Amino acid sequence: EGQEFLIYLRGRGITAESVERFELGCTPRSGTGLFEHLVGRGAKAETVVRSGLCLRSEVDGGFSDRFRGRVIFPIRDGRGRLVGFGGRGIDGREPKYLNSPETLVFSKGSVLYGLHLAKGAISKSGKAILVEGYTDVIACFQAGVENVVATFGTALGEKQVHTLKRYASTVVAAYDSDSSGFQ
């Protein structure tokens, strides 16, 4: 099942090296594999739901995985600690992008995608390039431009600004030219 995700990534120009560097993965379309795996390894169902990885049905009380049939982008904080996930649907299902929900360890207004990999280049150059999303960061890195981080869409949070100020004296926003990028 992962072949279609690799084909999608190749179609977006993402190299095998970048798949490894950015730890990209995919999730099966089936709905409970992760939940069953985590509970089978001793995690409590409610803890798995609070983590944002799985959902509890209000209808029948059953559980399902949040990320199904998606390319997965692990989200790490500036120290490299795993704090959440982003998932990109490839089959036209909405939402196109799905992030981990706000939790005690993940707040999308506080984290910058790719900072753990970019902070050295940002500090060295004194400049940070701010883009909209995961694949924008990956494309820049592949082109040799590594002082790049992303917000999760065009919203830029105050905590993200403070984080960038620790590493860069100049921040250049390079958002897409679509309507979201102009807001």
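**Note on the salt bridges**

1. In this predicted model, Asp91 counts as partly exposed, its relative accessibility being 37%. Asp91 forms a salt bridge with Arg29, and the closest N and O atoms of this pair are 3.3 Å apart. The contact joins distant parts of the chain, since Asp91 sits in the loop between strand S5 (82–89) and strand S6 (97–99) whereas Arg29 sits in the loop between S1 and H3, 62 residues apart.

2. Arg29 also forms a salt bridge with Glu4, for which the closest N and O atoms are 2.7 Å apart. This pair, too, links distant parts of the chain: Glu4 belongs to helix H1 (residues 2–11), while Arg29 lies in the loop between strand S1 (25–26) and helix H3 (33–40), and the two are 25 residues apart. Arg29 is partly exposed at a relative accessible area of 33%, and Glu4 is likewise partly exposed, with a value of 32%.

3. These contacts belong to a network of salt bridges in which Glu4, Arg29, Asp91 and Arg93 are linked.

4. Another salt bridge is formed where the side chains of Glu46 and Arg56 meet, at 2.3 Å from N to O. Glu46 lies in helix H4 (residues 45–50) and Arg56 in strand S2 (residues 54–56), so this pair ties together parts that are ten residues apart in sequence. Glu46 is partly exposed, with a relative accessible area of 37%, and Arg56 is partly exposed as well, with a relative accessible area of 42%.

5. As for the overall count, the structure holds seven salt bridges, among them the pairs Arg29–Glu4, Asp91–Arg29 and Glu46–Arg56.

Terms used
Residues are numbered from 1 along each chain as its sequence is written. This is a predicted model: local features need pLDDT of at least 70, side-chain atom pairs count only at pLDDT 80 or more; totals for chains, interfaces and linings use all residues. Side-chain values use heavy atoms; hydrogens and water are left out. A salt bridge is a side-chain nitrogen of Lys or Arg within 4 Å of a carboxyl oxygen of Asp or Glu. Helices (H or I, at least four residues) and strands (E, at least two) are DSSP runs, numbered from the N terminus. Buried means under 20% relative accessible area, exposed over 50%, partly exposed in between (1.4 Å probe, protein chains only).
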